[in-house]
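Reader: I would like to see how the descriptive words are earned. Take me through the terms one at a time, each with its value.

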Amino acid sequence: MGRDTAESCRPLTGEAARRYVEERLGCRMEVLRLFPKFFCIDPTSLCNARCIMCGVDPRKRKKMWMPDDMFDKIVAELSGYSDHIERVGLFVIGEPLLDPKLEEKIEKLKKAGIKCTYLNSNASLLFPERAERLIRAGLDRIHISIDSLKPERYESIRRGLKFDDVYNNTLEFIRLRNKLKPELVIRIQMILQEINLDEVESFQAHWRGKVGPNDQVVVPRVFNWGNVQDAMRFESRQAANRIPCIALWSTLEAMANGDVHLCCVDVEGAVKLGNVRDRTIAEIWRGPELERIRQLHLSGDRSKIAICDGCTVWPEHKHEGKPP
C-alpha cells in the first residue's frame with residue numbers, strides 16, 4: 001500500500017475528528033452537546049411497504065402507536081429548546097401516514113415553537129384530502145422516496161405499494177403546496193441501488209422540472225443499516241470507519257414505545273440509551289453511554305462498537321448529484 005493510500009485510510013482522531021464534526025454540522029462541540037439539533041419521533045412502528053433495502057425485519061415489527069401522554073411529554077421538553085432545535089421529524093422506522101393523529105401532532109409541535117416539522121414518507125397514503133390537512137396543520141418539509149420512474153421496477157423495490165398511487169399523490173401534493181404553502185420544502189429522492197443505477201440522470205431531470213426552486217431532488221446511496229442489511233458497497237468498511245458519525249452529535253430518535261436507541265439504523269435496539277417516559281431527552285443526550293461512544297468515534301475506534309463498525313449511513317459523500 002502506498003503512502004497516500006495509507007494516509008487516506010487512517011482514521012481521523014483528536015482535533016481533526018472534532019473539527020470534522022463541527023464543520024459538517026456548523027456548530028461548536030459545546031453547543032452540539034447541549035441538546036439534539038434534530039429530533040425524530042416515531043408515531044407508529046408500522047409500515048405498509050416491504051422495501052428490499054430496508055433494515056427492519058417485518059417479522060419483528062410490533063404493532064405500536066406512541067401514547068398521547070408520552071408524545072405530550074416529549075413536546076413539552078422540546079419547547080424549552082425550540083431556539084436550539086433545527087428540525088423535528090415525525091418518523092423513524094414506521095410510515096407516519098398510518099397515524100390517524102399525525103396532523104394533531106404537527107399542530108402541537110408548531111404551538112411549542114418548533115421551527116421546522118417534517119415527514120419522511122413513501123407517499124402511498126398521501127391522498128389529496130390528507131395532504132391538505134397536513135399542510136394546514138403546519139408541516140414545513142416532506143421527504144418522499146420514489147425509487148424508480150418505471151412502475152414494475154418501482155413495485156419490485158417498494159413491495160406492497162402501487163407506483164401510480166405514489167406518483168399521482170406526489171404530483172397533487174406539489175400542486176397543493178404551491179397553492180396553500182409555497183414555502184413548504186419538498187424533497188424527492190431515489191435510493192440508489194443496483195436495480196436503478198441507470199436512472200440517476202433521468203430521475204433528476206424529471207423531478208427538477210416539476211418541483212420549485214427551493215425544493216430538492218437527490219439520489220442518496222443505499223446503506224447497510226449498521227451491517228444488518230446487505231447493500232452495495234459504495235463506501236468500504238475502511239472508509240466508513242475513517243470518520244466519526246455526525247449523528248452522534250446531531251440527532252436523536254424516540255421509538256413508538258419511548259425507547260431511545262443509539263441511532264436511526266439501530267432498529268433492534270442493540271444500544272439502548274434510555275426511555276423518554278422515565279428520563280428526559282437532555283439526560284439521555286448528555287448521558288455517559290452516548291458520551292462513551294462519541295469518544296470512541298473521536299479516537300478512531302468506532303469499529304469497537306458492532307453497529308458502528310463499517311456502517312455506511314453517513315458517508316462523506318452521501319448523494320449522487322447535489323440538490324438543485
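Author: A polar contact is a pair of N or O atoms within 3.5 Å, where one must be able to donate a hydrogen and the other to accept it. In this predicted model, a polar atom of the side chain of H84 lies 2.6 Å from the backbone oxygen of F35.

Reader: What else is H84 in contact with, leaving aside its neighbours within four places in sequence?

Author: Besides F35, the list for H84 holds V31, L34, P36, K37 and K115. H84 itself is found in the loop between helix 4 (68-79) and strand 3 (87-89).

Reader: Why is H84 called buried?

Author: Buried means under 20% relative accessible area. The relative accessible area of H84 is 11%, so H84 is buried.

Reader: What makes E291 partly exposed?

Author: Partly exposed covers the range between the 20% limit for buried and the 50% limit for exposed. E291 has a relative accessibility of 22%, so the term partly exposed applies to E291.

Reader: Where is E291 found, and which side chains does the side chain of E291 make polar contacts with?

Author: E291 is found in helix 12 (residues 288-298). One polar contact, at 3.2 Å, is with the side chain of R294. Another, of 2.8 Å, joins the side chains of E291 and Q295. Both values are within 3.5 Å, so both pairs meet the distance limit. As for P151, 140 residues from E291 along the chain, the two C-alpha atoms are separated by 45 Å.

Reader: Is A123 buried or exposed?

Author: A123 has a relative accessible area of 0%, which is under 20%, so A123 is buried. A123 is found in the loop between strand 4 (117-121) and helix 6 (128-137). The phi of A123 is positive, about 70 degrees, although A123 is not a glycine.

Reader: How do you know that the protein chain is as compact as a globular protein of that length?

Author: The protein chain has twelve helices and eleven strands. Its radius of gyration is 19 Å, and the globule rule gives 20 Å for 324 residues; the two values are close, so the chain is as compact as a globular protein of that length. The C-alpha trace spans about 55 × 45 × 40 Å along its principal axes. Of the 324 residues, 56% are buried. Among contacts with a separation of 6 or more, 74% are between residues 24 or more positions apart.

Reader: What makes an empty space a cavity and not a pocket?

Author: In a cavity a 1.4 Å probe fits but cannot get out, whereas a pocket is open. A search of the whole structure finds three cavities of 30 Å³ or more, and the largest cavity has a volume of about 100 Å³. Of the 14 residues that line the largest cavity, C245, C263, C308, C311 and V313 lie nearest its centre.

Reader: Which classes of residue make up the lining of the largest cavity?

Author: The lining of the largest cavity has twelve nonpolar residues, one polar and one charged. Cys and Val count as nonpolar, so C245, C263, C308, C311 and V313 belong to that class.

Reader: How much space lies in the second largest pocket, and what lines it?

Author: The second largest pocket holds about 360 Å³ of space. Its lining has 18 residues, and the closest to its centre are K60, K62, M64, H261 and V267. By class, eight of the lining residues are charged, six nonpolar and four polar. Lys counts as charged, so K60 and K62 fall in the charged class.

Key:
Residues numbered from 1 in each chain as written. Predicted model: local features only at pLDDT ≥ 70, side-chain atom pairs only at ≥ 80, totals over all residues. Heavy atoms only, no water. 1 Å grid on protein atoms, 1.4 Å probe; cavity = no way out; pocket = protein on both sides within 12 Å on 5 of 7 lines; lining within 4 Å. Points joined across faces, edges and corners; volume = space filled by probe spheres on them. Helix = DSSP H or I, 4+ residues; strand = E, 2+ residues; numbered from the N terminus. Buried < 20%, exposed > 50% of the residue type's maximum accessible area, 1.4 Å probe, protein only. Contact = heavy atoms within 4.5 Å. Rg over C-alpha atoms; globule rule 2.2 N^0.38 Å.
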